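Open the model in your viewer and keep the selection tool at hand. The tour goes from charged pairs to the core, and then out to the surface.

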Amino acid sequence: FFFFFFFREMVSMTSVLLLLALVTTSVTGLGFRMDGRMSKCFHEDVDKDQLVVGEYSISNTASIKMVLEIKDSRGHPVYKNENAKEGKFAFTSDDYDTFDICFVPTIQPNAPMNIEAEVILNLKVGVEARSYDELAKVEKLQPIEANLKKLEDLSSSIVRSFSVMKEREKEHRDTNELTAERMLHFSIISMLCLIIFAVWQAWYLRRYFLKKKII
């Protein structure tokens, strides 16, 4: 009975961790077609110290030359392949940032103008980007040990994600409070200006009417 209860609790905990992991990990699979006239860019928000792994394949590269470039929000290049056909890329974020993943096509000479290229991009972020099978081989871990290692990383990722969300919530709250305070000051200054203008207008009109002997 104790073993059954312990096993049930472990399964429940594992399910909760895997559910919460959706918040902190990301797996993106994209497939689309491109002509040679317009580029496509995708934006990916990545937390601090997160591993990002991508795999791509592009068809019709003989007719369309494709440039794959990844930049952070400051415009610094993270990865660039000026003749992208098929390959992988990986990088780790230094801080929370939004990364732009751009495909820029160029039609080769003597290629048909209506030619299109098919692009397939698979992107993994966070714990999902790590290969625990390879880790198990390198560190000679048993399958259950590899799963426990993955759960441990998931737990750490969840805690880190909640910490980041708490910091962002505090930043938003501080921004809202500062905005409300500025609006209050602006409203008070506006009311004072209107009162001063109304008093000056009344004084000016009274002086004008007295000068014209209307009153």
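Begin with the charged side chains: this predicted model holds eight salt bridges.

**Stop 1: Arg 33 and Glu 116.** Select both side chains. They form a salt bridge, with the closest N and O atoms 3.0 Å apart. The pair ties together distant parts of the chain. Arg 33 lies in strand E1 (residues 26-35), and Glu 116 lies in strand E8 (residues 116-125). In sequence the two are 83 residues apart. How accessible is Arg 33? Its relative accessibility is 48%, so Arg 33 counts as partly exposed. Glu 116 is also partly exposed, because its value is 33%.

**Stop 2: Asp 47 and Arg 168.** Which atoms should you look at here? Take the closest N and O atoms of this salt bridge, which are 2.7 Å apart. Again the pair links distant parts of the chain, 121 residues apart. Asp 47 sits in the loop between strand E2 (40-46) and strand E3 (51-58). Arg 168 belongs to helix H3. Is Asp 47 buried or exposed? Asp 47 has 18% relative accessibility, which means that it counts as buried, the cut-off being under 20%. Arg 168 reaches 27%, so it is partly exposed.

**Stop 3: Lys 71 and Glu 69.** Select these two next. Their side chains meet in a salt bridge at 3.6 Å, N to O. Lys 71 has a relative accessible area of 32% and is therefore partly exposed. Glu 69, at 18%, counts as buried. Now add Glu 118 to your first selection: Arg 33, Glu 116 and Glu 118 are joined into one network by salt bridges that share partners.

**Stop 4: the core.** Hide the charged pairs. In soluble globular proteins, nonpolar side chains tend to be buried together. Here the largest nonpolar core has 22 residues. Which members touch the most others? Select Ile 58, Met 66, Phe 89 and Phe 103. Then colour the strands that build this core. E1, E3, strand E4 (64-71), strand E6 (86-92), strand E7 (97-107) and E8 each supply at least two residues. E8 gives the most, with five.

Stay on Phe 89 and show its contacts. Beyond its neighbours within four places in sequence, Phe 89 is in contact with Val 52, Val 53, Gly 54 and Tyr 56. Its other such contacts are Leu 68, Ile 70, Tyr 79, Leu 121 and Leu 123.

**Stop 5: the surface patch.** Turn to helix H3 (residues 143-211) and find Phe 209 there. Phe 209 counts as partly exposed, because its relative accessibility is 31%. Which residues join Phe 209 in a nonpolar surface patch? Select Phe 197, Trp 200, Trp 203, Tyr 204, Leu 205, Tyr 208 and Ile 214 along with Phe 209. Together these residues have about 850 Å² of accessible area.

**Last stop: the whole chain.** Zoom out and switch to cartoon. The protein has three helices and eight strands. From the N terminus on, the order is α-β-β-β-β-β-β-β-β-α-α. Of its 215 residues, 26% count as buried. The protein exposes about 15700 Å², and carbon and sulfur atoms supply 59% of that area. Finally, consider contacts between residues at least 6 apart in sequence: 77% of them join residues at least 24 apart.

Terms used
Residues numbered from 1 in each chain as written. Predicted model: local features only at pLDDT ≥ 70, side-chain atom pairs only at ≥ 80, totals over all residues. Heavy atoms only, no water. Helix = DSSP H or I, 4+ residues; strand = E, 2+ residues; numbered from the N terminus. Buried < 20%, exposed > 50% of the residue type's maximum accessible area, 1.4 Å probe, protein only. Contact = heavy atoms within 4.5 Å. Areas by Shrake-Rupley, 256 points an atom, 1.4 Å probe, with all protein chains shown as cover. Patch = residues over 30% accessible without salt bridge, like charges linked within 9 Å, V, L, I, M, F, W, Y side chains within 5 Å. Salt bridge = Lys/Arg side-chain N within 4 Å of Asp/Glu carboxyl O. Core = buried A, V, L, I, M, F, W, Y, C linked by side-chain atoms within 4.5 Å.
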